[in-house]
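Here is a friendly walk through a two-chain model, written for reading with the structure open beside you. Please bring up the sequence and the coordinates first.

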Amino acid sequence: MSEPVLAVEDLRVRMDTPRGTAHIVNGLSYSVAPGETVAVVGESGSGKSVSVMALLGLLPKRAEVTGSARFRGRDLLAMRERELRAVRGDGVGMVFQDPMTSLNPVLSIGRQLTEGLLAHRRVSGKKEARERAAQLLADVGLPDPRAALDRFPHELSGGMRQRVVIAIALAGDPALLIADEATTALDVTVQAQILDLVERLQAEHATAVVWITHDLGVVAGIADRVLVMYGGRCVEDGTVDDVFERPAHPYTQGLLGSLPQLHDGDGGGPRELVAIGGTPPPPTDLPPGCVFWPRCPVRGDERCAGEQPPLTAVGGGGGGPVPHRAATFYDAARDAGEVGS
Amino acid sequence: MSTAAGGNAHDDVLVRARGLQVHFPVRSKGLRRERTGAVRAVDGVDLDIRRGETLGLVGESGCGKSTLGNALLRLVEPTAGRVEFDGTDVTALSAKALRALRRRAVMVFQDPYASLDPRTTVGQTVAEPLQVHGLHRGTEARAARVAELLELVGLDPSVASRYPHEFSGGQRQRVGIARALAGEPDFVVCDEAIASLDVSVQAQVLNLLRDLQQRLGLTYLFVSHDLAAVRHVSDRIAVMYLGRVVEVGAAEDVSARPQHPYAQALLSAVPLPDPAAERRRERIVLSGDVPSATRVPSGCRFRTRCPRAFAPCPDVDPALQEVEPAHTAACHLHGVVGVPVAAEERAGA
């Protein structure tokens, strides 16, 4: 595998709040290679969004960020604001959930696209910037791109706006694209269009993609590798096939078991959903042992309550180049063996 | 689950809509505010909801599914057509009779953060419908009923004295459900009732809704954009597009063999949490956007985005027709059935 575009090492984010210190991200490590898509999944409050905002220096000053995040060899977390700004427009593209709030409502689409191109001196002048902007809009499949340059965000539909946001993110020809719930606000047919678009553009430019979402269906469709977050920690990672077909952590198992299925399994009618009881722990009050322990239906080991399980290789995996790891003392494979199935 | 075969079809239906239409006027700017057009949110819907079943109503934003749910409960006034609830024409009810309907037909809302009053205790919130309808009179009787309702939705009765901000989203939604059930309704419209909840919590609420249905014999209209959730809870599914129901059938039939090209595209776009299935799948990617509900295309309203549109589509407004037993779709591919479009409308569209 080639040199990673992004290598995150032991990322931690803490923030002092009136209710005490919130441990939002607690030791996250992963890397993304060119052309690869890594999905970060988790429920609200799992720290998935904060973990990428920390990379780009988008958190408030009172947030304490430690660890390292090497982007093309340079540590993003050690950069000054001026350097970061250069990276944001010129190496890393970002797409957030709500296209209405990430676009400026009083500036035309063209103005917002050319702004970045001019600021990062990717074009010689306004005329060329406009040409390039129209080309970018055409690339993301906006009908009549030239006319769209003079329109305003409110004149476009949600799907079209998100295309514009993607065009802006791609304007700097980024090596890394970070998408945070980028299709969550969109209808499924529009989501399908956007996912197709991102896959196509990624294939053309060998862009590394970090895709943050709570939607396991989207993950199954676009990701090469998955990282499951819970309580600010990575509880499981591996290839999509390993994680979806052989989930090892009880939380991942619970998450997959609680999903309604569109198509019936072998049994015929829809099965009862296996809900996970309770709610995630607040980041100000994480349990001392495994973060999932208070809700865990398994609690397969006496160490679970008091000791943090490290990410360790899962037995019986595919044994490919990408390890399948889970942060649990509970060994699903061993357990299945005991039951005899 | 409860769709008893045979029997008297009329007794079987709890809620019946015929030619139901909800148009919102569009007015010009300025002082005169002339009526310049209409948003055709619900535009001629025929729908039967059978006693004890869950009818799932799916469609994308702006297709009119929430407005349809509201119109069935007369929370918005239909501009044409009729709604019958248990044989009574709801559209003609007096204010007093309407209040009685409000007891039997209720709604569970999407956002448990917005639908509960932050300054009212959970107990007061659940007791409010009892007050309005004069049920379980007396402080003790009412408190007992509130405790019973909270227990029914899986909350500890002692939470009655607490305020909404002390609860998680899933717990709040349980409070919303307890409030809806206070008057012992027959019919519950769940409008995106799980949309704002996390996946693991969604499953808790879906299981609760199913459990309550079995215990109380409720009839649900489950309005949602989440097709997998709808498939999971529904006996039958109705698919809406631009103000019309374009397909209705048993949940397993519609999800396995959608007949309307829109339903096919919609289902093919649902991401499946299965990497192998995702690699195999062929998505039908629709081009363009949903037309505005103020300028509905003539004839079949899906024709402007339909990959299989052909000659009769602009000229004949397709009616729902049976494509297999108990499965209907409004599409000319199954035979040109419907109302021919008037010449002037065709010219204008």
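## A leucine in a loop

Let's start at A:Leu286, which is partly exposed, with 19 other C-beta atoms within 10 Å. On the scale used here, a residue is buried if 20 or more other C-beta atoms lie within 10 Å of its own, exposed if 12 or fewer, and partly exposed in between, with C-beta atoms placed from the backbone. You will find A:Leu286 in the loop between helix 11 and strand 11 (312-313) of chain A. Helices (H or I, at least four residues) and strands (E, at least two) are DSSP runs, numbered from the N terminus.

What does A:Leu286 touch, not counting residues up to four places away in sequence? The partners are A:His23, A:Gly231, A:Pro281 and A:Val291. Contact here means that the C-beta atoms of two residues, placed from the backbone, lie within 7 Å. A:Arg132, by comparison, is 154 residues from A:Leu286 in sequence and 49 Å from it in space, C-alpha to C-alpha.

## About the model

This is a predicted model, in which local features need pLDDT of at least 70 and side-chain atom pairs count only at pLDDT 80 or more, while totals for chains, interfaces and linings use all residues. Residues are numbered from 1 along each chain as its sequence is written, and chains are lettered from A and ligands numbered from 1 in the order in which they are written.

## Where the chains meet

How many residues of chain A are in contact with chain B? There are 37, and they meet 35 residues of chain B. On the chain A side, helix 8 (188-205), helix 9 (216-222), helix 10 (240-245) and helix 11 (250-257) each supply at least two residues. Helix 8 of chain A gives the largest share, six residues.

Sorted by class, the side of chain A that touches chain B holds 16 nonpolar, 14 polar and seven charged residues. For this sorting, Ala, Val, Leu, Ile, Met, Phe, Trp, Tyr, Cys and Pro count as nonpolar, Asp, Glu, Lys and Arg as charged, and the others, Gly among them, as polar.

## Helix packing in chain A

Helix 7 (residues 158-171) of chain A is a good place to look next, as its contacts with two other helices are described here. Its axis and that of helix 5 (residues 126-139) of chain A come within 9 Å and cross at roughly 125°. Axes are lines fitted to C-alpha atoms, for helices over the stretch in contact, and angles run from 0 to 180 degrees between N-to-C directions. Helix 5 and helix 7 of chain A are therefore oblique to each other; angles under 35 degrees count as roughly parallel, over 145 as roughly antiparallel, 65 to 115 as roughly perpendicular and the rest as oblique. A:Leu136, A:Leu137 and A:Asp139 of helix 5 of chain A make the contact with A:Ala167, A:Leu170 and A:Ala171 of helix 7 of chain A. These contact residues comprise five nonpolar, no polar and one charged.

With helix 8 of chain A, the axis of helix 7 of chain A comes within 10 Å, at a crossing angle of roughly 15°. That makes the two helices, 7 and 8 of chain A, roughly parallel. Here A:Gly158, A:Gly159, A:Gln162, A:Ile166 and A:Leu170 of helix 7 of chain A meet A:Val190, A:Gln193, A:Ile194, A:Leu197 and A:Leu201 of helix 8 of chain A. Six nonpolar, four polar and no charged residues make up this contact.

## The sheets

Chain A has an open sheet of four strands in the order 2-1-4-5, with antiparallel pairing; two strands pair if DSSP finds at least two bridges between them. Strand 2 (20-32) and strand 5 (74-75) of chain A are the edge strands, each pairing on one side only. Helix 1 (residues 48-55) of chain A packs on the sheet and touches strand 1 (6-17), strand 2 and strand 4 of chain A.

In chain B, four strands form an open antiparallel sheet, again written 2-1-4-5. Strand 1 (residues 13-27) and strand 4 (residues 80-85) of chain B are joined by five bridges, and B:Val15 stands opposite B:Phe85 in strand 4 of chain B.

## Two turns in chain B

Helix 4 (residues 122-133) of chain B has buried residues, including B:Val122, B:Val126 and B:Pro129. Helix 5 (139-152) and helix 6 (169-181) of chain B are among what covers them. Just after helix 4 of chain B, B:Gly134 takes a positive phi of about 60°.

Further along, strand 12 (residues 321-324) and strand 13 (residues 327-329) of chain B run antiparallel, joined by three bridges. Their hairpin has two residues between the strands, and B:Ala326 takes a positive phi near 60° there.
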